[in-house]
Amino acid sequence: MIVHADHVLPGDAPPIRDGAVVVSADGAIEDVGHAAEVLPRHAGAPIERVHGVVLPGLINAHTHLELSALRGLVPGGRGFLPWVDSLLAARVDAVPEDSPESIEAAVSELKRHGTVAVGEVTNSVAAAEHLARSRIEGSIFHEIFGVGGDVADRAEEMLQASRAGTHRWPELAYVPTAHTLHTTHADVVRKIAQHAKDAGLRTSLHLAEHAAERRALEHGDGPVTDWLRGRLRGAAGVVWPMQSPIAYADALGALGPHMLLVHLTDATAAELERVAQSGSYVVLCPRSNLYIEGRLPPLLAARSAGIEAALGTDSLASNASLDVLAEARALADRFSTVPAVDLVRMATYNGAVALGRTRLGRIARGARPGVVAVDIADAAQSHDGAALLLRHVKAPRRWVARAREIH
Ligand SMILES: [Zn+2]
């Protein structure tokens, strides 16, 4: 089949105005380019004409689907710790943990937005079955939280499960993951990072998300230390490193190509340079940062450092939707100097690279990314298909080719 569109956004290459994509029956990309060149090469093949934009399936590199029942229940705008307290209260009071209905609805939402892969951070692994059944790919980042008690034993169980391949879902990697540098014991962070490195896996870490995290790590005081003493067993015995979040991550072996560093909202330009040099992957969650703290991730400094960041929605406890293209739109609205095509790349190809799945995220020969169409009136008149797409982020999306068989 040939998909002939006003604009093809390949994800990893410049946009093609009046483009065409040739897709085999099993979803593999056979050809892509200007329609005037591609159409004659495949004369006789059926053509689907899209008046609008086509792009590869989206990659949402940071989600917490098990929090989906909390949509609309956790107020934002008051800073990180009040948000966490509200989240914990809502989890106890309002809804059953891991409600299968809310996870199933969240997975349906991901598919409706055109998502083919996620980086799912989870305490319960509850969402893995739902994702596997829907043929959504990616990583299950099994998160460990705690600085005392049995945290070392629980971490060891996860590491054993990872080594033994206990958890197996089609097309989902299972990777033990630390929550943050201040809520997961330093020895556990070190072990988890080392395991990912040794096993050729990538693990995830929330890092430099807010100023109170930096204050605790650099000075051993402030709201995070007070909060932890009231909340976490063993917190009174924590020895603070008196180092910046990035330096401390480095000291624990948690910088490098085995790491997905999530947020970096509070990272300085110099720290972003250090992150870039380490080869770590970066995931930004702008709408979650805006919701919780009214703050934006340092996109321009990250770009100056040469970081090709991916995007994630974070959970529905701090976001209105699981649409990673809406993250790109949120950045487009606030960083007018950043080309729209680069923002679409963050929601597609950069996410595929971060999750180690470059068969996805790009409409290129040999890839099998899933192809999404967005019908937009008068699209042929537009010079910038990516900007047009982000302006129409609410327009319905439809699959014109699947990445995998979907049930
Ligand atoms: Zn998160």
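1. **H62 and D314.** In this predicted model, H62 and D314 are both buried. Each of them also serves as a ligand of the zinc ion: the donors are NE2 of H62, NE2 of H64, NE2 of H206 and OD of D314, at 2.1 to 2.5 Å. H62 belongs to strand 5 (residues 58-63), while D314 sits in the loop between strand 12 and helix 13 (324-334), so the pair ties together parts that are 252 residues apart in sequence.

2. **Geometry of the zinc site.** If you plan to describe this site, note that it is irregular, with angles of 86 to 170 degrees among the four donor atoms. A tetrahedral label would need all angles to lie between 85 and 135 degrees. Along the chain, the donor residues follow the spacing H-x1-H-x141-H-x107-D.

3. **Strand 9, home of H206.** Five of the five residues in strand 9 are buried. Which residues lie on each face? T203, L205 and L207 are on one side, S204 and H206 are on the other, and both faces are covered. Strand 9 runs parallel to strand 10 (residues 259-263), and five bridges join the two. Within this pairing, L205 stands opposite L261.

4. **The four-stranded sheet.** Strands 9 and 10 are part of an open sheet with the order 9-10-11-12 and parallel pairing. Strand 9 (203-207) and strand 12 (310-311) stand at the edges with a single partner strand each, so one side of each has no neighbour in the sheet. Strand 11 (residues 281-284) meets strand 12 in the parallel sense over two bridges; L284 has L311 as its bridge partner there.

5. **Helix 4.** Here A127, A128, H130, L131 and A132 are buried, within a helix that spans residues 126-133. Their cover includes helix 3 (100-112), strand 6 (115-122), strand 7 (137-144) and strand 8 (172-178). After the helix comes R135, with a positive phi near 60 degrees. Helix 4 also has a link to helix 3 through a salt bridge between R133 and E104, whose closest N and O atoms are 3.5 Å apart. R133 lies in helix 4 and E104 in helix 3, so this pair ties together parts 29 residues apart in sequence. R133 is partly exposed at 46% relative accessibility, and E104 is partly exposed at 29%.

6. **Other salt bridges.** The count comes to 29 salt bridges. One of them joins D85 and R231, with the closest N and O atoms 2.7 Å apart. D85 is in helix 2 (residues 80-93) and R231 in helix 8 (residues 223-231), so the pair connects parts 146 residues apart in sequence. D85 has a relative accessible area of 28% and is partly exposed; R231, at 44%, is partly exposed too. D375 and R398 also meet in a salt bridge, 2.8 Å from N to O. This pair links strand 13 (residues 371-375) with strand 14 (residues 397-401), its members being 23 residues apart. Salt bridges with shared partners join R214, E218, D266, E271 and R295 into one network.

7. **V54.** One last residue to look at is V54, in strand 4 (residues 47-56). Is V54 buried or exposed? V54 has a relative accessible area of 0%, so V54 counts as buried. Leaving aside residues up to four places away in sequence, V54 touches V3, A5, H7, V8, L9, V21, V371, V372 and A373. V54 and P10 are 44 residues apart in sequence, and their C-alpha atoms are 8.3 Å apart.

Conventions: Residues numbered from 1 in each chain as written. Predicted model: local features only at pLDDT ≥ 70, side-chain atom pairs only at ≥ 80, totals over all residues. Heavy atoms only, no water. Buried < 20%, exposed > 50% of the residue type's maximum accessible area, 1.4 Å probe, protein only. Contact = heavy atoms within 4.5 Å. Pairing = 2+ DSSP bridges. Donors = N, O, S within 2.8 Å, 3.2 Å for Na, K, Ca; no water. Tetrahedral: all angles 85-135°; square planar, octahedral: opposite > 155°, others 65-115°. Salt bridge = Lys/Arg side-chain N within 4 Å of Asp/Glu carboxyl O.
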